[in-house]
Amino acid sequence: MPPSNYSDEPRLIKPSGPNYRLYVTIACIIGLVGLVASIPLYERWMDRQAHAVERGQYEGAVYEIPLAGQTERIELGWAGEHLAIAMDDIPAPDATVRVKGDFGEETLAWNSEYSLFGPTQAYLSPYKHQKVRVTIEAGGEELWSGKLWAWGVVSHHHHH
(Lines give C-alpha, C1' and ligand atoms only; values in the text may rest on other atoms or scores of the structure.)
Protein backbone atom coordinates (compact mmCIF):
# COMPACT_ATOMS: atom_id res chain seq x y z
CA MET A 1 0.00 0.00 0.00
CA PRO A 2 1.46 3.40 -0.95
CA PRO A 3 2.24 5.89 1.84
CA SER A 4 -0.54 8.30 2.59
CA ASN A 5 -0.43 11.91 3.75
CA TYR A 6 -3.37 11.21 5.95
CA SER A 7 -2.78 10.24 9.53
CA ASP A 8 -5.09 9.87 12.46
CA GLU A 9 -2.33 11.18 14.76
CA PRO A 10 -3.32 14.54 16.26
CA ARG A 11 -1.36 17.55 14.97
CA LEU A 12 -0.77 20.37 17.38
CA ILE A 13 -1.32 23.85 16.02
CA LYS A 14 0.78 26.55 17.63
CA PRO A 15 -1.34 29.24 19.20
CA SER A 16 -1.27 32.41 17.16
CA GLY A 17 0.05 35.51 18.88
CA PRO A 18 1.97 38.63 18.03
CA ASN A 19 4.70 38.02 15.49
CA TYR A 20 7.53 39.96 17.13
CA ARG A 21 9.98 39.10 14.37
CA LEU A 22 7.68 40.78 11.84
CA TYR A 23 7.31 43.87 14.06
CA VAL A 24 11.08 44.15 14.52
CA THR A 25 11.62 43.78 10.77
CA ILE A 26 9.06 46.49 10.02
CA ALA A 27 10.59 48.80 12.64
CA CYS A 28 14.06 48.27 11.14
CA ILE A 29 12.80 49.04 7.64
CA ILE A 30 11.05 52.21 8.84
CA GLY A 31 14.20 53.24 10.73
CA LEU A 32 16.39 52.66 7.68
CA VAL A 33 14.04 54.64 5.42
CA GLY A 34 13.97 57.44 8.00
CA LEU A 35 17.76 57.49 8.20
CA VAL A 36 18.15 57.61 4.42
CA ALA A 37 15.53 60.37 4.18
CA SER A 38 17.19 62.40 6.95
CA ILE A 39 20.54 62.69 5.17
CA PRO A 40 19.38 65.16 2.48
CA LEU A 41 17.38 67.07 5.12
CA TYR A 42 20.50 67.39 7.29
CA GLU A 43 22.55 68.53 4.29
CA ARG A 44 19.90 71.10 3.40
CA TRP A 45 19.93 72.35 7.02
CA MET A 46 23.73 72.71 6.91
CA ASP A 47 23.55 74.62 3.62
CA ARG A 48 20.94 77.00 5.08
CA GLN A 49 23.11 77.58 8.14
CA ALA A 50 26.16 78.20 5.94
CA HIS A 51 24.21 80.75 3.86
CA ALA A 52 22.89 82.57 6.94
CA VAL A 53 26.11 82.87 8.95
CA GLU A 54 28.02 86.14 9.17
CA ARG A 55 31.20 85.89 7.08
CA GLY A 56 34.57 87.47 7.77
CA GLN A 57 37.48 88.59 5.62
CA TYR A 58 38.65 84.96 5.14
CA GLU A 59 35.20 83.76 3.94
CA GLY A 60 34.74 82.00 7.30
CA ALA A 61 32.00 81.98 9.89
CA VAL A 62 32.25 84.74 12.50
CA TYR A 63 31.32 84.03 16.11
CA GLU A 64 31.28 86.09 19.28
CA ILE A 65 32.87 84.32 22.24
CA PRO A 66 33.47 85.38 25.86
CA LEU A 67 37.18 85.91 26.43
CA ALA A 68 38.77 87.55 29.47
CA GLY A 69 35.47 89.06 30.55
CA GLN A 70 34.77 90.60 27.14
CA THR A 71 33.09 89.53 23.95
CA GLU A 72 35.59 88.79 21.19
CA ARG A 73 34.95 88.08 17.54
CA ILE A 74 36.55 84.96 16.14
CA GLU A 75 36.47 83.78 12.52
CA LEU A 76 36.90 80.19 11.42
CA GLY A 77 38.26 81.22 8.06
CA TRP A 78 39.76 79.64 4.98
CA ALA A 79 43.34 80.02 3.77
CA GLY A 80 43.01 78.08 0.55
CA GLU A 81 42.45 74.46 1.57
CA HIS A 82 43.40 75.08 5.19
CA LEU A 83 41.47 76.28 8.21
CA ALA A 84 42.69 79.42 9.97
CA ILE A 85 41.42 81.19 13.09
CA ALA A 86 41.27 84.98 12.82
CA MET A 87 40.72 87.33 15.75
CA ASP A 88 40.62 91.11 16.01
CA ASP A 89 43.07 91.07 18.93
CA ILE A 90 45.50 88.38 20.02
CA PRO A 91 44.52 87.42 23.60
CA ALA A 92 48.15 87.13 24.81
CA PRO A 93 51.61 87.13 23.20
CA ASP A 94 52.02 83.36 23.85
CA ALA A 95 48.45 82.41 22.87
CA THR A 96 47.80 79.33 20.77
CA VAL A 97 44.64 77.81 19.37
CA ARG A 98 44.01 74.08 19.34
CA VAL A 99 41.64 72.89 16.65
CA LYS A 100 40.23 69.38 16.71
CA GLY A 101 37.99 67.81 14.08
CA ASP A 102 37.62 64.88 11.71
CA PHE A 103 41.01 65.81 10.26
CA GLY A 104 42.77 65.34 13.62
CA GLU A 105 44.05 67.86 16.13
CA GLU A 106 46.47 70.73 15.56
CA THR A 107 47.89 73.52 17.68
CA LEU A 108 48.06 76.77 15.75
CA ALA A 109 50.48 79.57 16.57
CA TRP A 110 49.90 83.25 15.83
CA ASN A 111 50.82 84.16 12.26
CA SER A 112 51.70 87.86 12.43
CA GLU A 113 52.03 88.14 8.63
CA TYR A 114 48.30 87.46 8.19
CA SER A 115 47.04 88.32 11.71
CA LEU A 116 45.53 84.91 12.37
CA PHE A 117 46.25 81.59 14.04
CA GLY A 118 47.45 78.96 11.62
CA PRO A 119 46.59 77.88 9.03
CA THR A 120 46.27 74.15 9.66
CA GLN A 121 48.64 71.66 8.09
CA ALA A 122 45.65 69.44 7.25
CA TYR A 123 43.99 69.96 3.90
CA LEU A 124 40.30 70.73 4.29
CA SER A 125 37.85 71.49 1.54
CA PRO A 126 36.71 75.09 1.95
CA TYR A 127 33.38 74.03 0.41
CA LYS A 128 32.54 71.43 3.08
CA HIS A 129 31.23 72.06 6.56
CA GLN A 130 33.35 70.96 9.53
CA LYS A 131 32.35 70.85 13.18
CA VAL A 132 35.44 71.57 15.24
CA ARG A 133 36.44 72.07 18.85
CA VAL A 134 38.39 75.28 19.28
CA THR A 135 40.47 75.83 22.42
CA ILE A 136 42.30 79.10 23.04
CA GLU A 137 45.20 78.79 25.48
CA ALA A 138 47.83 81.13 26.89
CA GLY A 139 50.39 80.66 29.64
CA GLY A 140 49.40 77.02 30.05
CA GLU A 141 45.80 77.99 30.82
CA GLU A 142 42.65 77.43 28.84
CA LEU A 143 41.06 80.81 28.08
CA TRP A 144 38.08 79.48 26.10
CA SER A 145 36.90 76.25 24.52
CA GLY A 146 33.84 75.33 22.51
CA LYS A 147 32.49 73.51 19.49
CA LEU A 148 31.87 75.64 16.43
CA TRP A 149 31.02 75.06 12.79
CA ALA A 150 33.62 75.94 10.20
CA TRP A 151 31.00 76.55 7.53
CA GLY A 152 32.29 76.00 4.04
CA VAL A 153 32.27 78.75 1.45
CA VAL A 154 28.86 78.82 -0.22
CA SER A 155 28.15 79.33 -3.87
CA HIS A 156 25.67 82.09 -4.60
CA HIS A 157 24.90 80.69 -8.05
CA HIS A 158 22.42 78.01 -7.03
CA HIS A 159 19.67 77.75 -4.48
CA HIS A 160 18.12 74.66 -2.90
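**Entry: strand 3**

I began with strand 3 of this predicted model, where L83, I85 and M87 point one way while A84 and A86 point the other way, and I noted that all of them are buried. Since 5 of the 5 residues of strand 3 are buried, I recorded the strand as largely enclosed by the rest of the structure. I then looked up its partners, and found that strand 3 pairs with strand 2 in the antiparallel sense over 5 bridges, and that it also pairs, again antiparallel, with strand 6 (residues 116-117) over 2 bridges. For A86 I wrote down two links: E75 stands opposite A86, and in strand 6 the bridge partner of A86 is L116. For M87 I noted that it is the bridge partner of I74.

**Entry: the hairpins on either side of strand 2**

I followed the chain back from strand 3 and looked at the hairpin that strand 2 and strand 3 form, which has 4 residues between the strands and in which G80 takes a positive phi near 65°. I then turned to the hairpin of strand 1 and strand 2, which has 2 residues between the strands, and there I found A68 with a positive phi near 55°. Strand 1 and strand 2 pair in the antiparallel sense over 7 bridges; among the pairs I looked up, L67 has Q70 as its bridge partner in strand 2, and P66 has T71. I also checked the burial of strand 1, which is mostly covered, with 5 of its 7 residues buried.

**Entry: the nonpolar core**

Which residues of the largest nonpolar core touch the most other members? I found that, of its 31 residues, these are I74 and L76. The elements that give two or more residues to this core are helix 1 (20-52), strand 1 (61-67), strand 2, strand 3, strand 4 (96-101), strand 7 (130-138) and strand 8 (141-150). I set beside this the general tendency for nonpolar side chains to be buried together in soluble globular proteins. I then listed the contacts of L76, leaving aside its neighbours within four places in sequence, and obtained G60, A61, Y63, L83, A84, I85, V132, V134, L148, W149 and A150.

**Entry: the largest pocket**

I looked up the largest pocket last, and noted a volume of about 170 Å³. Its lining consists of G56, Q57, Y58, V62, R73, I74, E75, A86, M87, D88, Y114 and S115. Strand 2 (70-78) and strand 3 (83-87) are the elements that give two or more residues to this lining, and I recorded strand 2 as the one that gives the most, with 3 residues. How do the lining residues divide by type? I counted 6 nonpolar, 3 polar and 3 charged. Going back over my earlier notes, I saw that E75 and A86, which stand opposite each other, both belong to this lining, as do the bridge partners I74 and M87.

Key: Residues numbered from 1 in each chain as written. Predicted model: local features only at pLDDT ≥ 70, side-chain atom pairs only at ≥ 80, totals over all residues. Heavy atoms only, no water. 1 Å grid on protein atoms, 1.4 Å probe; cavity = no way out; pocket = protein on both sides within 12 Å on 5 of 7 lines; lining within 4 Å. Points joined across faces, edges and corners; volume = space filled by probe spheres on them. Nonpolar A, V, L, I, M, F, W, Y, C, P; charged D, E, K, R; others polar. Core = buried A, V, L, I, M, F, W, Y, C linked by side-chain atoms within 4.5 Å. Buried < 20%, exposed > 50% of the residue type's maximum accessible area, 1.4 Å probe, protein only. Contact = heavy atoms within 4.5 Å. Pairing = 2+ DSSP bridges.
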